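Student: Could you take me through one part of this model up close? I'd like to hear about the charged pairs and whatever sits around them.

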Amino acid sequence: VSKNRQKYKRENPEDVVPWVKQVLQLRWNAAAAMEVTEIEEGKGKFCVTETLNKNIQQDEQDGTEHSPQVLEGIPKKRQHILFPHQKYCKCGRWQDNKYPCRHAMAFFRIWEELEFPTIL
């Protein structure tokens, strides 16, 4: 623990830890291909749709690889319900990690049209 304290002592305490910043950048990049729609206007409830393909994808959380199930040539779509103002996503990662999942990143990037440094 003391080694980590020394390592980050010189850095601004307001800065994001480099590993977390890297994870957020991966999520930001993945969010570019998603669709975001408002479920009920003005209620803060959104649906984020991601299209999975046959390529092996690397999970940004732990580096494990998985291959999404895809029917012959037909991409699979996965939808997640998102309440951004409550920091809630159906996938559960936002709640577990205390920083935005890739679906929340899609909301910030596509719906809110924010730039990556803004969300750090």
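Tutor: K77 and E35 form a salt bridge, with their closest N and O atoms 3.8 Å apart. Keep in mind that this is a predicted model, so that distance, like the others here, is computed from predicted coordinates. K77 belongs to strand 5 (residues 76–83) and E35 to strand 1 (residues 35–40), so the pair ties together parts that are 42 residues apart in sequence. How open is this pair to the outside? K77 counts as exposed because its relative accessibility is 51%, with the cut-off for that label at over 50%. E35 comes out as partly exposed, with a relative accessible area of 45%.

By the rule used here, the count of salt bridges comes to 2. E50 and R102 make a salt bridge too, and here the closest N and O atoms are 3.1 Å apart. This pair also links distant parts of the chain: E50 sits in strand 2 and R102 in helix 4, 52 residues apart. Buried or exposed? E50 is buried, at 6% relative accessible area, and R102 is buried as well, at 16%. Both get that label because the cut-off for buried is under 20%. As for what lies behind such pairs in general, side chains of opposite charge can pair when their charged atoms come close.

Now back to K77 and E35, since one residue touches both of them. T49 is in contact with M34, E35, K77, R78 and Q79, leaving aside its neighbours within four places in sequence. T49 is found in strand 2, and T49 is buried, with a relative accessible area of 9%. There's a polar side to this spot as well: the side chain of T49 makes a polar contact with the side chain of Q79, at 3.4 Å.

Strand 2 also takes us to the nonpolar part of the picture. The largest nonpolar core has 21 residues, and L82, M105 and F108 are those with the most contacts inside it. Strand 2 (45–52) supplies at least two residues of this core, and so does each of helix 2 (18–31), helix 4 (102–111) and helix 5 (116–119). If you want one residue to zoom in on there, try M105. Not counting residues up to four places away in sequence, M105 touches L24, R27, W28, A31, P100, F116 and I119.

So strand 2 is a handy thread to follow: T49 is found in this strand, E50 of the same strand is linked to R102 in helix 4, and strand 2 and helix 4 each supply at least two residues of the core.

Note on methods: Residues numbered from 1 in each chain as written. Predicted model: local features only at pLDDT ≥ 70, side-chain atom pairs only at ≥ 80, totals over all residues. Heavy atoms only, no water. Core = buried A, V, L, I, M, F, W, Y, C linked by side-chain atoms within 4.5 Å. Buried < 20%, exposed > 50% of the residue type's maximum accessible area, 1.4 Å probe, protein only. Helix = DSSP H or I, 4+ residues; strand = E, 2+ residues; numbered from the N terminus. Contact = heavy atoms within 4.5 Å. Polar contact = N/O pair within 3.5 Å; in protein donor to acceptor, adjacent residues only side chain to side chain. Salt bridge = Lys/Arg side-chain N within 4 Å of Asp/Glu carboxyl O.
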